[in-house]
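Got your viewer open? Let's take a walk through this one, one selection at a time.

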Amino acid sequence: MRRRFTVAVIGVVAFAPWFWFKPVAPTDQTAHLLSVTDIPRDEDWIGGLSGIDLTPDGAEFVFVTDRGHVARGKLLRRDGQLTGIEIDTKRVLVDPRGRVWETLQTDAEGVAWAASGSVFVSFEHAHRVHAYPTLDTPEKLPSYTHAWGALKQNGGLEALAIQDGGSLFAIPEHVQPGAWAALVYRRKPGETWQQAFTLPVTDEFSPVGADFGPDGRLYVLERGLYPFAFYSRVRAMTVQEDGVTDIETVLHTKLGAHGNLEGIAVWRDAAGTIRLTMVSDDNFYPFMRGEIVEYALTQRVATQPQ
């Protein structure tokens, strides 16, 4: 009898619908959803949005796509709610000689917009970081470290963020099985890339976006997939010279709540509230969602000491 019962239980588990075991988001969320707006698909080049950064007031954006485009424009809002986007300029990312890259070299994943106006873009497959003094000028020579040659082609430099003072941080998406830590690379002004420290991770999430908030803390966007829908997590942390401290989960979305969120920008609105603005990558597939999502944090996190 016991054997039959054991076999029956194993059979039920083996053939149960996957959603019986779907990840469950915590109920005590620090962040709450403000609004969502779809990204228009009225031009062939729009899609595959993997990185976004905003001006400090959250009004203007710059984003990059998987096929090597960068665009600048405005986020449209009514009563603080997203209603759409308005693209002012767009261009194809090219090398210092003005040549368009081949397909595997165009996969832009992260973007960081410096206070000076310079735009930094990270790529995977051909792992590197490019700098553009403005969106209308040729790029400078790329920066990289030979260690990036060991990164997986489709698991490279997804997250890119710039700290006050000009230090760049890049985090690859892929984490070696059993490592439980993502490598964090840092490039201080005038120096070369160094593997500065590691970020503790869990096996259900991969780092895909990052930004320094107005509170000086680093916000890392992480993605999970199970098995046909996405869920996301944002963790805030204080960056020290040799590591991160005070790690706090501020957002954990439900399975399927949004699309494939890959880029994040963190800013403070006129009311003093920190907002998380995120963009989803539709991979140019019509059945995937391309959207911009915005959450607000509670004052508890917005005023957390550094």
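Before the first stop, one bit of vocabulary: two strands pair if DSSP finds at least two bridges between them. Also keep in mind that this is a predicted model.

**Whole chain**

Start with everything shown as a cartoon. You should find two helices and 19 strands. Of the 306 residues, 53% count as buried. The chain exposes about 14,900 Å², with carbon and sulfur atoms supplying 54% of that.

**Strands 7 and 8**

Now select residues 119-123, which are strand 7, along with residues 128-132, which are strand 8. These two pair in the antiparallel sense over five bridges. Pick out S122 and look across: V129 in strand 8 stands opposite. Four residues sit between the strands of this hairpin, and H125 takes a positive phi near 75° there.

Is strand 8 buried or exposed? Five of its five residues are buried, so strand 8 is largely enclosed by the rest of the structure. Show the side chains to see both faces covered: R128, H130 and Y132 lie on one side, V129 and A131 on the other.

**A115**

Step back to A115, in the loop between strand 6 (108-113) and strand 7. A115 has a relative accessible area of 90%, and anything over 50% counts as exposed, so A115 is exposed. Try a distance from its C-alpha atom to that of I162: the two are separated by 9.4 Å, though they are 47 residues apart along the chain.

**Strands 9, 10 and 11**

I162 is also the end of the next selection, strand 9 (residues 157-162). Add strand 10, residues 168-172. Strands 9 and 10 run antiparallel and are joined by five bridges; in one of the pairings, L160 has A170 as its bridge partner. Their hairpin has five residues between the strands, and G165 takes a positive phi near 105°.

Next, bring in strand 11 (residues 181-187), which pairs with strand 10 in the antiparallel sense over three bridges. Here L168 stands opposite R187. With the side chains of strand 10 on, L168, A170 and P172 point one way and F169 and I171 the other way, and all are buried.

**D66**

Which loop holds D66? Look between strand 3 (60-65) and strand 4 (69-78). D66 is buried yet has no salt bridge; R67, the nearest side chain of opposite charge, is 7.2 Å away. What D66 does have is a side-chain polar contact of 2.4 Å with S50. Setting aside residues up to four places away in sequence, D66 also touches others, including T106, E109, D281 and N283.

**Salt bridges**

The count for the model comes to 13. Select E294 and R77, whose closest N and O atoms are 2.7 Å apart. E294 lies in strand 19 (residues 291-297) and R77 in strand 4, so this pair ties together parts that are 217 residues apart in sequence. E294 is buried at 0% relative accessible area, while R77 is partly exposed at 27%.

Add D269 and R275, which meet in a salt bridge of 2.9 Å, N to O; both are buried. With these four selected, you have a network of salt bridges linking R77, D269, R275 and E294.

For the last stop, select E222 and R233, another salt bridge, with closest N and O atoms 2.8 Å apart. E222 lies in strand 14 (residues 218-225) and R233 in strand 15 (residues 230-240), so the parts tied together are 11 residues apart in sequence. E222 is buried at 0% relative accessibility, and R233 is buried at 8%.

Conventions. Residues are numbered from 1 along each chain as its sequence is written. This is a predicted model: local features need pLDDT of at least 70, side-chain atom pairs count only at pLDDT 80 or more; totals for chains, interfaces and linings use all residues. Side-chain values use heavy atoms; hydrogens and water are left out. Buried means under 20% relative accessible area, exposed over 50%, partly exposed in between (1.4 Å probe, protein chains only). Accessible areas come from the Shrake-Rupley method with a 1.4 Å probe; for residues, only the protein chains shown count as cover. Lys and Arg count as positive and Asp and Glu as negative; His and the chain ends are not counted. A polar contact is a pair of N or O atoms within 3.5 Å; within protein, one must be able to donate a hydrogen and the other to accept it, and residues adjacent in sequence count only if both atoms are side-chain atoms. Contact means heavy atoms within 4.5 Å.
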